[in-house]
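Grab a pencil and work through these exercises on the model below. Each task comes with a solution you can check against the coordinates.

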Amino acid sequence: MRAVTLTAHGRPPELLDRADPAPGPGELLVAVTAVPITPLDLLCASGTSYFGAPALPYVPGVQAVGVVREGPAKLVGRRVWFPTTAGMAPGDGGLAELAVAAEAECVAIDADLADTAVAALGLSAVAAWEVLEGRAALRPGETVLVLGAGGVVGQVALQAARLLGAGRVVAAARSDDALHRATALGADAVVDLRDDATTLTERLRDACHGHADVVVDPLAGFPGTAAVPVLGEGGRLVNLGSSAGAALSVDSAALRSRSAAVLGYTNNALTDHRRREVFGTVLDHAAHGRIEVSHDVVPLEGAPAAWDAVSRGTASRRVVVSPLADR
Ligand SMILES: NC(=O)c1ccc[n+]([C@@H]2O[C@H](COP(=O)([O-])OP(=O)(O)OC[C@H]3O[C@@H](n4cnc5c(N)ncnc54)[C@H](OP(=O)(O)O)[C@@H]3O)[C@@H](O)[C@H]2O)c1
């Protein structure tokens, strides 16, 4: 099979011919149809993640969509989404024509949605939804501020906030594309992260009409720090990423004066059942046009160049690699 293969940490992968993978007990062989290139893939491949430097060579791709080729008869021919531990533990991921998936972790896809759209949503969409519904326990009418609104987490969070009954929804992002997209996705106000950082808290507060009840923070760094004082009485900031910086400073008075909370979130804490449930909800909304994320589809042979573009920050949308696009 052809497989996108990482042969050096921190360098783009290569497309190589590799032996077909062999599923073990409890595993399925899947013909891959769509794989997103995500921040987690790049982080693991850099060799600097908290999982440690992965042994080389390996096939990246921490999640993928495909059709079951080998496994229990009831599953053969089924369309599934599946996670892998590529880059986090020994073994290969989804960026290949064939991949091995743990049967217990597969999510059967029934929604009437293209495989590439399912892949573009993936775990980022699950996280966005669960941050709001689960971790922040969003209540109807609350004001939600979404940082990094141009990313997949951000785009889904804007739409999920509305679907979960938020009152005012505010988007903060750092590109014209992202700001326009956020408005098109229904944000009531947008804040440009490129403007004067010293006035960011004030601008976020104005856009939120005084305070935010919930902040979705995939960025940390200066935007996350600026958002903490915007939290209102009982407000919750949920941090789930560090795209803008490794640290987030918390102003003590801002926190204690309003009994506000700064919370962390990871998909790794989800049970298989809850992940399946949230994914099903998101895919159902997507199939009915209520959730969408912008993405580009590239063939397997374009994956190394696309990976390079994502790692250089020149890809403006989620890249989804589709082995079907080569044919
Ligand atoms: N904890 C979890 O379970 C979990 C799950 C999914 C994702 N995440 C994390 O959440 C974050 C977002 O994921 P994603 O899938 O939405 O990724 P993404 O689609 O690549 O989005 C990243 C966003 O961050 C913005 N950004 C990057 N550097 C920035 C900076 N210095 N200042 C301001 N904005 C910056 C990007 O803006 P541009 O578009 O302008 O570059 C983009 O909007 C990542 O850190 C990811 O690892 C965590």
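**Exercise 1: Around Gln155**

Work out what Gln155 touches beyond its sequence neighbours.

*Solution.* Leaving out residues up to four places away in sequence, Gln155 touches Ala149, Gly150, Arg181, Leu185, Glu292, Val293 and Ser294 (contact: heavy atoms within 4.5 Å). Next, place Gln155: it sits in helix α3 (helices are DSSP runs of H or I with at least four residues, strands are E runs of at least two, both numbered from the N terminus). Last, its exposure: Gln155 counts as buried because its relative accessibility is 3% (buried is under 20% relative accessible area, exposed over 50%, partly exposed in between, with a 1.4 Å probe and protein chains only).

A quick note before going on: this is a predicted model, where local features need pLDDT of at least 70, side-chain atom pairs count only at pLDDT 80 or more, and totals for chains, interfaces and linings use all residues. Residues are numbered from 1 along each chain as its sequence is written, and side-chain values use heavy atoms, with hydrogens and water left out.

**Exercise 2: Gln63**

Find the polar partners of the Gln63 side chain.

*Solution.* Start with the strand: Gln63 lies in β4, residues 63-70. Gln63 is buried too, at 3% relative accessible area. Now look for polar contacts (N or O atom pairs within 3.5 Å; within protein, one atom must be able to donate a hydrogen and the other to accept it, and residues adjacent in sequence count only if both atoms are side-chain atoms). One goes to the side chain of Trp81, at 3.2 Å. The Gln63 side chain also reaches the backbone nitrogen of Leu123, at 2.9 Å. Other residues that Gln63 touches include Val35, Pro36 and Phe82.

**Exercise 3: The largest core**

Which element supplies the largest share of the largest nonpolar core?

*Solution.* Take the core first (buried Ala, Val, Leu, Ile, Met, Phe, Trp, Tyr and Cys residues joined through side-chain atoms within 4.5 Å). The largest has 55 residues, and Leu121, Leu132, Val144, Leu158 and Val216 have the most contacts inside it. Elements that each supply at least two of its residues include α2 (115-135), β8 (144-147) and α8 (272-287). The winner is α2, with 13 residues. For a close-up, try Val216: its contacts beyond four places in sequence include Leu132, Val144 and Leu240. Apart from this core lies another, of 36 residues, with Ala45, Tyr58, Ala64 and Leu300 among them.
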